Amino acid sequence: MILAFIEHEDGAVSAGTLQMLACARLLSAETGVPLHAAVIGAHAKLPAGQGISHVYRFDHPSLNEYAPAAWARCVSGIVQQRMPAILMAAATERGNELMAWCGAMTGMPLAVNCLRVSPGQPFQVLRQRYGGSLLEEANLSGATKLLTTALHVFEAGEAGAADPSVETIPAPAAEKDLRARVVAREQTHSSGVNLHTARVVVGGGRGVGSAEGFRVLEEFAGEINGAVGGSRVATNNGWRPHAVQVGLTGNRIAPDLYIACGISGAIQHQVGCKGAKRILVINKDREAPFFRRADFGVVGDLHEILPAVTAEIRKRKSSG
Ligand SMILES: Cc1cc2nc3c(=O)[nH]c(=O)nc-3n(C[C@H](O)[C@H](O)[C@H](O)COP(=O)(O)OP(=O)(O)OC[C@H]3O[C@@H](n4cnc5c(N)ncnc54)[C@H](O)[C@@H]3O)c2cc1C
C-alpha cells in the first residue's frame, strides 16, 4: 500500500493534503499499489472521493490535538507493522515535522518538498531545497519511502466515490510523547479571508513605517476582500502578528495577486510568495530588487498610492 497522512485545517482536510493525494493517486495508478490513509483524532474528517480504499483512524482523547511525537508514533506503528511501499504527507510545517519524527522513529530516510516522484529502481525524487532556490534530484532508499510533496505543485482533484473501509485503532499516547502538543488556540482572523484563502494578499514591509501605518493596507484590502500579510521586519517590529509573516520563516502563499507594499524583495521574502500567480510591487525606490520579480510595478509612496486607490474603489462602488 501507499499510506497518506491526512492533515486537517479548520475542521476540513487541508488544501496541501488534497494536493498530496493527487500525487498519491498518480503513484498508486503507476505502481498498482492501493492507496490507504491515516487520520488522527476524533474530529478528523475522512477524506471522501479521493481514491482511498482503506483508512486507519487513531482514536483517543489524548490524540485529538496536534502532538508531533504522539501522532508520529501512530503513523510509524503502521509503517513498522504493515510496511507500506510509500508513506507520504503534504509539505506543510506539520507534515514535514511529523514525517521527520517518523523518519527518526523508523530509522528510514525522508525526502521533503518533492515536486516529482518516480517510483522505479532506483526510486527517484526531484525536490526543492533552500526555500526553492535549488532543485535537487535524489534517490530515496529505505524499505518504506518517506516523502512530503511541495505545496501548490500537484492539482487537487477527486476520484472514486466509494467510501473507504475504516479500521479504528484505539491508541492512547504515552506521556513522553505529549511533551510538545497544542494546548490552546487563538483566533487571529476576524473576517472570512486569510492568507491562504484570499485571492488577493496585500503585504506590508518596513516601508509601512508603523503598526498604525498598516491601516491603509487594511482599508484597501477590506475593499477588495483581500488579506493583509507582512515581511519579517513588519512582524519583528510588532506591527503585525508573526502568524501573517510571508516568507521562508513564515507563510508560503499562492494568491491570484500579491501586492507587496514597501517591501524590498529579499530572497527570504520572495520564497513565501513565489506561488502567487501575479505580483504587483509598490515601492518608492525604483531600484528595489522586488521590481525584477514583479509582473506590475508602481514607483511611489505607498501612503499616497493606497489611500488614493481605496478612495477610487469606494467611489466606483457607490456609483454602482
Ligand atoms: C534565515 C532568514 C530567514 C528570513 N525569513 C524571512 C521571512 O520569512 N520573511 C521576510 O519577509 N523576511 C525574512 N528574512 C529577512 C529578509 O532577509 C529581509 O531582511 C526582509 O524581508 C526585509 O523586509 P522589508 O522588505 O520589509 O524591509 P527592507 O528590506 O528594509 O525594505 C523596505 C522597502 O520599503 C521601501 N519603502 C520605504 N518607504 C516606503 C514608502 N513610503 N512607500 C513605498 N516603499 C517604501 C524601501 O524602498 C525598501 O525597498 C529572513 C532572513 C533570514 C536571514
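Start with the ligand: in this predicted model, 28 residues surround it, and the closest are Gly 205, Gly 207, Arg 232, Gly 247 and Ser 264. Several named elements chip in here. Helix H5 (232–236), helix H6 (267–273), strand S15 (278–283) and helix H7 (302–318) are the elements that each give two or more residues to that shell. As for what kind of residues these are, the shell around the ligand holds 14 polar, nine nonpolar and five charged ones.

Now step back and take in the whole chain. You'll find seven helices and 16 strands in it. Lay the C-alpha trace along its principal axes and it spans about 65 × 40 × 40 Å. Does that go with a compact globule or against one? Here the radius of gyration helps: a compact globule of 320 residues would come out near 20 Å, and the chain has 22 Å, so the two agree.

Helix H7, which we met at the ligand, is also a good place to look at how helices pack. Its partner is helix H4 (residues 215–223): the two axes come within 9 Å and cross at roughly 30°. Angles under 35 degrees count as roughly parallel, so that is what H4 is to H7. The crossing of this pair is left-handed. On the H4 side, the contact is made by Val 216, Leu 217, Glu 219, Phe 220 and Glu 223, while H7 brings His 303, Leu 306, Pro 307, Val 309, Thr 310, Ile 313 and Arg 314. Sort the residues of this contact by class and you get seven nonpolar, three charged and two polar.

Another helix pair sits earlier in the sequence. Helix H2 (residues 68–82) packs against helix H3 (residues 93–106) at an angle of about 55°, and their axes are 8 Å apart. That angle is why H2 counts as oblique to H3. This time the crossing is right-handed. From H2, the residues Pro 68, Ala 69, Trp 71, Ala 72, Arg 73, Val 75, Ser 76, Val 79 and Gln 80 take part, and they meet Glu 97, Leu 98, Trp 101, Cys 102, Met 105 and Thr 106 of H3. The contact of H2 with H3 divides into ten nonpolar, three polar and two charged residues.

Finally, have a look at two backbone oddities. As background, most residues other than glycine have a negative phi, and most peptide bonds are trans. Asn 113 isn't a glycine, yet its phi is positive, at about 55°. You can spot Asn 113 in strand S7. Then there's the peptide bond from Gln 121 to Pro 122, which is cis, with omega near 5°. To find Pro 122, go to the loop between strand S7 (110–119) and strand S8 (123–129).

Definitions and conventions:
Residues are numbered from 1 along each chain as its sequence is written. This is a predicted model: local features need pLDDT of at least 70, side-chain atom pairs count only at pLDDT 80 or more; totals for chains, interfaces and linings use all residues. A residue is near a molecule or strand if its C-beta atom, placed from the backbone, lies within 6 Å of it. Helices (H or I, at least four residues) and strands (E, at least two) are DSSP runs, numbered from the N terminus. Ala, Val, Leu, Ile, Met, Phe, Trp, Tyr, Cys and Pro count as nonpolar, Asp, Glu, Lys and Arg as charged, and the others, Gly among them, as polar. Axes are lines fitted to C-alpha atoms, for helices over the stretch in contact, and angles run from 0 to 180 degrees between N-to-C directions. Angles under 35 degrees count as roughly parallel, over 145 as roughly antiparallel, 65 to 115 as roughly perpendicular and the rest as oblique. A crossing is left-handed if the near helix is turned anticlockwise from the far one by less than a right angle, and right-handed if clockwise. Two residues are in contact if their C-beta atoms, placed from the backbone, lie within 7 Å. The radius of gyration is taken over C-alpha atoms; the globule rule is 2.2 Å times the number of residues to the power 0.38.
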